[in-house]
Amino acid sequence: MADNYLERRMEELRSGRLAIKAIPGIKPKARRILVAGGCHGIAREKALEYRKSGCRVAVFDSDEVAGKQMAHDHGIRFHRVEIEDESAVCKEMLSLLSAWRGVDTIVGGKDICNILYKKITDWKESLPIADKSDIEIVIIKEVHQP
């Protein structure tokens, strides 16, 4: 009875009767963008620009109200974290890395980008099989901290 189950499911998938559900607005191999301090100013504009182009975007910021509003309105992943607290940023980074399995681009101020780049590089090296591609760093001068 169940011996040809997989063959029937594959046939349903090929014929279009079985659809694979996807998240609306996100491409399967979308770039993974992390914006540090991204709820205000230039960082916010960059986060929204990346999201409109179909990228997966995560924002690290201490402004919970603005972050939740961005998450609700634009489908951005929000992590409430004090950017100045290196240990808290690293903890949230590990949470994001376990969910996304990596990050392609980091956007933010020079100091926080260096911290995040080092953390991601260390994380990639500890995995037996990992995405070893380079991470793009986008340094912005104005990162608003309320």
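This report describes the fold, one helix, the salt bridges and a surface patch of a predicted model.

**Overall fold**

The protein chain holds five helices and five strands. Read from the N terminus, its elements follow the order α-β-α-β-α-β-α-β-α-β. The chain has 146 residues, of which 37% count as buried. Contacts between residues at least 6 apart in sequence join residues at least 24 apart in 57% of cases. The exposed area of the protein chain is about 9200 Å², and carbon and sulfur atoms supply 54% of that area.

**Helix 4**

Helix 4 covers residues 86-100, which makes 15 residues. At 1.5 Å a residue the expected span is 21 Å, and the end C-alpha atoms lie 21 Å apart, in agreement with that value. Its buried residues are Val89, Cys90, Met93, Leu96, Leu97 and Trp100. Viewed down the axis of helix 4, these buried residues fall within an arc of 125°, so they line one face of the helix. An α-helix has 3.6 residues a turn, so residues three or four places apart point the same way. The face of helix 4 turned away from the buried side carries the exposed residues Ser87 and Lys91. After helix 4 comes Arg101, which has a positive phi, near 65°.

**Salt bridges**

Side chains of opposite charge can pair when their charged atoms come close. With a cut-off of 4 Å between side-chain nitrogen and carboxyl oxygen, the count is five salt bridges. Three of the pairs are listed here.

| Pair | N to O distance |
|---|---|
| Arg31 and Glu136 | 3.2 Å |
| Asp104 and Arg32 | 2.9 Å |
| Lys68 and Glu64 | 3.1 Å |

The side chains of Arg31 and Glu136 meet in a salt bridge. This pair links distant parts of the chain, 105 residues apart: Arg31 sits in the loop between helix 1 (5-15) and strand 1 (32-36), and Glu136 sits in strand 5. Arg31 is partly exposed, at a relative accessible area of 37%, and Glu136 is partly exposed as well, at 39%.

Asp104 and Arg32 also form a salt bridge through their side chains. Here too the pair links distant parts of the chain, with Asp104 in the loop between helix 4 and strand 4 (105-108) and Arg32 in strand 1, 72 residues apart. Buried means under 20% relative accessible area. Asp104, with 13% relative accessibility, therefore counts as buried, and Arg32, with 11%, counts as buried too.

The salt bridge between Lys68 and Glu64 lies within one element. Both residues belong to helix 3 (residues 64-74), and because they are four residues apart, about one helical turn separates them. Glu64 is partly exposed, with a relative accessible area of 33%. Lys68 and Glu64 are also part of a network of salt bridges that includes Arg80 and Glu82.

**Surface patch**

Tyr117, Ile137 and Ile139 form a nonpolar patch on the surface. Together these residues have about 240 Å² of accessible area. Ile139 is placed in strand 5, which covers residues 136-139. Its relative accessible area is 44%, so Ile139 is classed as partly exposed. Strand 5 also holds Glu136, the partner of Arg31.

Technical notes
Residues numbered from 1 in each chain as written. Predicted model: local features only at pLDDT ≥ 70, side-chain atom pairs only at ≥ 80, totals over all residues. Heavy atoms only, no water. Helix = DSSP H or I, 4+ residues; strand = E, 2+ residues; numbered from the N terminus. Expected span 1.5 Å × (residues − 1). Buried < 20%, exposed > 50% of the residue type's maximum accessible area, 1.4 Å probe, protein only. Arc of directions from axis to C-beta. Patch = residues over 30% accessible without salt bridge, like charges linked within 9 Å, V, L, I, M, F, W, Y side chains within 5 Å. Areas by Shrake-Rupley, 256 points an atom, 1.4 Å probe, with all protein chains shown as cover. Contact = heavy atoms within 4.5 Å.
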